[in-house]
Amino acid sequence: MNVLHSTQIIIREALSKLGYPDEMYELLKEPLRLLTVRIPVRMDDGHMQIFTGYRAQHNDAVGPTKGGVRFHPDVNEDEVKALSIWMSLKCGIVDLPYGGGKGGIICDPRKMSFRELERLSRGYVRAISQVVGPSKDIPAPDVMTNSQIMAWMMDEYSRIREFDAPGFITGKPIVLGGSHGRETATAKGVTMMIYKALQKKDIAIHNARVIIQGFGNAGSFLAKFMHDAGARVVGISDANGALYNPDGLDIPELLERRDSFGTVTNLFSNTITNREMLEQECDILVPAAIENQITRENAHRIKAGIIVEAANGPTTLEATKILTDNGILLVPDVLASAGGVIVSYFEWVQNNQGYYWTEEEVEAKLRKKMEDSFENVYQLHLTRKVDMRLAAYMSGVRKMAEASRYRGWI
Ligand code: NAD
């Protein structure tokens with residue numbers, strides 16, 4: 001089942017549990033808008049390559065849409081649509097004044113030069129400039145995009161509009177109006193969710209063994225925070241393979257040796273596959289890479305007691321049921337990975353007011369939002385006797401459904 005279809009199934013269930021009519025599902029099952037663009041880029045060898053990109057805006061009843069831009073060869077229409085819906089849900093769960101948006105370009109940045117990436121980033125902004133803006137739709141980083149790419153995009157948008165527009169995009173370098181704590185925000189938020197889950201299971205962090213799939217922005221900072229907290233990180237992986245050691249991995253060394261795309265396992269010969277790693281002994285499993293990693297094929301063999309989803313969509317619907325039936329506490333993506341969009345929101349607020357906060361202020365505000373949201377979802381899961389994913393969807397969909405109703409859209 002593709003990610004859009006499975007998302008629609010849970011949205012329908014969440015709306016029905018909340019007592020909304022079918023029309024509400026019809027409104028929310030797809031983005032309000034999807035723009036497809038073709039971006040010509042002059043490559044370094046002189047030839048012109050045409051890239052395809054997307055920008056989806058799921059629902060703007062609550063406020064402007066917000067969400068990252070992904071550079072990846074597998075980007076496709078349904079994925080961008082699903083990602084924009086997940087962004088709406090995240091913003092609802094952690095109570096931000098936004099709807100969800102998402103963008104993507106079909107490309108492989110690992111095979112492109114610095115200047116080619118700059119031309120592609122600027123070309124994308126020129127192509128979507130009519131539908132985005134600080135009070136319309138605000139992009140951010142996602143898979144294989146970073147603060148440098150955000151800086152080029154912000155510069156291009158400011159040139160087109162002929163005024164400086166830092167609030168057009170978040171995840172910028174600090175000197176261009178970025179927020180302290182943005183780079184580590186997703187991993188910090190995931191760390192906070194791990195602490196909450198451990199508390200519910202009555203496990204101490206220094207007794208916990210952790211496996212993290214993906215060693216990019218989310219996964220590598222998380223590995224650092226877990227290591228610093230005294231947990232034993234026994235497994236990590238990237239696109240090429242995985243490392244597992246029941247006695248704990250040397251995280252500082254791995255962080256030192258990883259490249260800018262989050263690759264490190266190619267430096268070792270004693271690797272196992274990603275599939276094998278997911279099934280190893282541990283207390284906490286954090287998928288922090290890509291979609292559809294825990295499926296009905298391997299869910300029975302997962303040994304972790306807690307799964308915290310840093311990646312978007314790593315667990316299928318069938319697998320969610322198997323894991324829940326097996327007593328595993330699953331903190332779903334739309335809650336667990338919301339740290340990134342929360343601090344993106346803080347960045348936008350700081351840009352709009354022109355007054356900047358310290359890292360400590362950002363972290364305290366992030367903690368309050370993440371911890372309150374966890375408790376809301378956890379209590380909903382207990383009182384309505386639904387799994388954590390459905391509880392999160394119920395919490396996330398409510399605000400945009402209400403806003404759509406007040407606006408007279410339904
Ligand atoms: P990234 O590009 O920095 O890192 C991705 C990591 O996953 C790399 O280590 C890569 O080698 C690995 N990977 C790629 N394909 C893989 C495969 N087939 N099997 C195993 N590993 C693979 O990306 P990121 O920003 O860390 O994002 C990771 C996930 O977290 C994505 O699902 C993203 O949507 C989600 N997320 C990220 C943020 C953020 O702020 N960075 C926020 C919310 C959600």
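In this predicted model, D372 has a relative accessible area of 36% and is partly exposed. The side chain of D372 meets that of K368 in a salt bridge, with an N to O distance of 2.5 Å. K368, at 54% relative accessibility, counts as exposed, because the cut-off for that class is over 50%. Both residues belong to helix α13 (residues 359–383), where they lie 4 residues apart, and so about one helical turn separates K368 from D372.

A salt bridge also joins the side chains of R389 and D333, at 3.5 Å from N to O. This pair links distant parts of the chain, since 56 residues separate the two partners: R389 is in helix α14 (residues 388–406), and D333 is in helix α11 (residues 333–336). Both partners fall in the buried class, for which the relative accessible area must be under 20%. R389 is buried at 6% relative accessibility, and D333 is buried at 2%. The pair in helix α13 is described otherwise, with K368 exposed and D372 partly exposed.

A further salt bridge connects K29 with E26, the side chains meeting at 3.1 Å, N to O. K29 has a relative accessibility of 24% and counts as partly exposed. E26 is likewise partly exposed, its relative accessible area being 46%. The two values fall between the limits of 20% and 50%, so neither residue is classed as buried or as exposed.

Salt bridges also link residues into a network. Its members are R115, E118, R122, R126, D155, E156 and R159. Arginines in this network are R115, R122, R126 and R159, while the acidic residues are E118, D155, E156. For the model as a whole, the count of salt bridges comes to 35.

Disulfides were also counted. A disulfide is a covalent bond that joins the sulfur atoms of two cysteines. The count of disulfides in this model is 0; a pair of cysteine sulfur atoms would have to lie within 2.5 Å to be included. Accessibility values are available for cysteines including C91 and C282. C91 is buried, at 0% relative accessibility. C282 is also buried, with a relative accessible area of 2%. The two totals are therefore 35 for salt bridges and 0 for disulfides, under cut-offs of 4 Å and 2.5 Å respectively.

Definitions and conventions. Residues numbered from 1 in each chain as written. Predicted model: local features only at pLDDT ≥ 70, side-chain atom pairs only at ≥ 80, totals over all residues. Heavy atoms only, no water. Buried < 20%, exposed > 50% of the residue type's maximum accessible area, 1.4 Å probe, protein only. Helix = DSSP H or I, 4+ residues; strand = E, 2+ residues; numbered from the N terminus.
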